[in-house]
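User: Please take a close look at one part of this protein, the strand in the middle of the parallel pairing, and set it in the context of the rest of the chain. I would like one connected account rather than a list.

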Amino acid sequence: MTHRILVVDDDPHIREVIRVALRKAGMSVTEARDGKDALARFAGERPDLIVLDIGMPEFDGLDVCREIRKSSDVPILFLSARDEEIDRILGLEIGGDDYVTKPFSPRELVARINVILRRLAPRAAGTIPKVLSRGQLSIDPEQHVASFAGTALHLTAIEFGILRTFLTRPVAVFKREQIMSAAYQLNIQVSDRTIDSHIRNIRAKLAAANCDNVIETVHGVGFKLGRCEKQA
């Protein structure tokens, strides 16, 4: 299946570099030059993933992400000309799946996109995993759906991967490095703060479903799955 990627950047040279790299990797590319154009293209094309520049004039990438997250969990990979932690953390907190700083390697960008897309791909026949559950939390890796007490959870691809990792070993304590490896699969370096942002987002989404014990912090070590039950 050919994946459809929406590339949003106000720099035509950057769009060209990404377009060439993605098409070489067998993907279909649609381009948008600004935030408003991006929303129109998204509504019309319904891409499988969005590569989204943060620093665009008027309607920037963060605004676009907030608007898209009102109706869709499509994976979003942010681009930014600055490697400022506040941009990176804010992008992840509002629903981004990953973050790449300019200047970037087109090869690394394609690798990161492939990691995210693989999280959404159905498993091959004969390797379909069973539904994973603990307490009132359950996820179906094959259908890529998650729910708590019957309420659907809208998770990004990385958030889904992290929860799946916890549910495969529900009593284990995971170090941040283990979570990084499970969530990203390739030898891609992400900071502890990036993982913390994903954990914080998962907790917030479960809290909205009346669960305050989905992931517990084990100080000095990492994280473990909680009871995953409704608040008393």
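Analyst: What follows starts with the overall figures, goes on to strand β3 and its partners, and ends with some local features elsewhere.

The model is predicted. The protein holds 8 helices and 12 strands. Of its 232 residues, 48% are buried. Among contacts with a separation of 6 or more, 59% join residues 24 or more positions apart. The accessible surface amounts to about 11,200 Å², and carbon and sulfur atoms supply 49% of that area.

Strand β3 covers residues 49-53. Is this strand buried or exposed? Because 5 of its 5 residues are buried, β3 is largely enclosed by the rest of the structure. In a regular strand, side chains alternate between the two faces of the sheet. For β3, one side carries Leu 49, Val 51 and Asp 53, while Ile 50 and Leu 52 are on the other. Each of these residues is buried, so both faces of the strand are covered. The buried set includes Asp 53 along with Leu 49 and Val 51 on its side.

Which strands does β3 pair with? One of them is β1, in the parallel sense and over 4 bridges. Within that pairing, Leu 6 has Ile 50 as its bridge partner in β3, and Val 7 has Val 51. Another is strand β4 (residues 76-80), again parallel and over 4 bridges. Here Ile 50 is matched with Ile 76 in β4. Ile 50 therefore has a bridge partner in β4 as well as being the β3 partner of Leu 6, and its side chain belongs to a strand that is largely enclosed, with 5 of 5 residues buried.

The chain path from β3 to β4 goes by way of a helix. Together, β3, helix α3 (residues 61-68) and β4 form a right-handed β-α-β unit.

On the β1 side, the cover is similar in kind but not complete. Strand β1 (residues 4-8) has 4 of its 5 residues buried, which means that it too is largely enclosed by the rest of the structure. Besides β3, β1 pairs with strand β2 (residues 28-32), in the parallel sense over 5 bridges. One residue match in this pairing is Ile 5 with Val 29 of β2. From β1 the chain passes through helix α1 (residues 12-24) to reach β2, and this β-α-β crossover is right-handed.

Just before β3 in the chain is a backbone feature to note. Arg 46 sits in the loop between α2 (35-45) and β3. Its phi is positive, about 50°, although the residue is not a glycine. Because its relative accessibility is 43%, Arg 46 counts as partly exposed, in contrast to the buried residues of β3.

A second non-glycine residue with positive phi is Asn 210, at about 75°. Asn 210 lies in the loop between α8 (192-208) and β11 (215-218). At 33% relative accessibility it counts as partly exposed.

The backbone also has a cis peptide bond, from Lys 102 to Pro 103, with omega near -5°. Pro 103 belongs to the loop between β5 (98-101) and α5 (106-120).

For a covered helix to set beside the covered strand, take α6 (residues 157-168). Its 12 residues reach 17 Å from first C-alpha to last, close to the 16 Å expected at 1.5 Å a residue. Of these residues, 11 are buried, so that α6 is mostly covered. The buried ones include Glu 159 and Arg 164 as well as Ile 158, Phe 160, Ile 162 and Leu 163.

Cysteines complete the account. No disulfides are found in a search of the whole structure, the count being 0. Cys 228 is in no disulfide, and the nearest cysteine sulfur, that of Cys 211, lies 5.5 Å away. A disulfide would need the two sulfur atoms within 2.5 Å. Cys 228 has a relative accessibility of 0%, so it counts as buried. Cys 65 is likewise buried, with a relative accessible area of 0%.

How values were computed
Residues are numbered from 1 along each chain as its sequence is written. This is a predicted model: local features need pLDDT of at least 70, side-chain atom pairs count only at pLDDT 80 or more; totals for chains, interfaces and linings use all residues. Side-chain values use heavy atoms; hydrogens and water are left out. Buried means under 20% relative accessible area, exposed over 50%, partly exposed in between (1.4 Å probe, protein chains only). Helices (H or I, at least four residues) and strands (E, at least two) are DSSP runs, numbered from the N terminus. Two strands pair if DSSP finds at least two bridges between them. A crossover is right-handed if, with the strands pointing away from the viewer, the path from the first strand over the helix to the second runs clockwise. Contact means heavy atoms within 4.5 Å. Accessible areas come from the Shrake-Rupley method with a 1.4 Å probe; for residues, only the protein chains shown count as cover. The expected span of a helix is 1.5 Å times one less than its number of residues.
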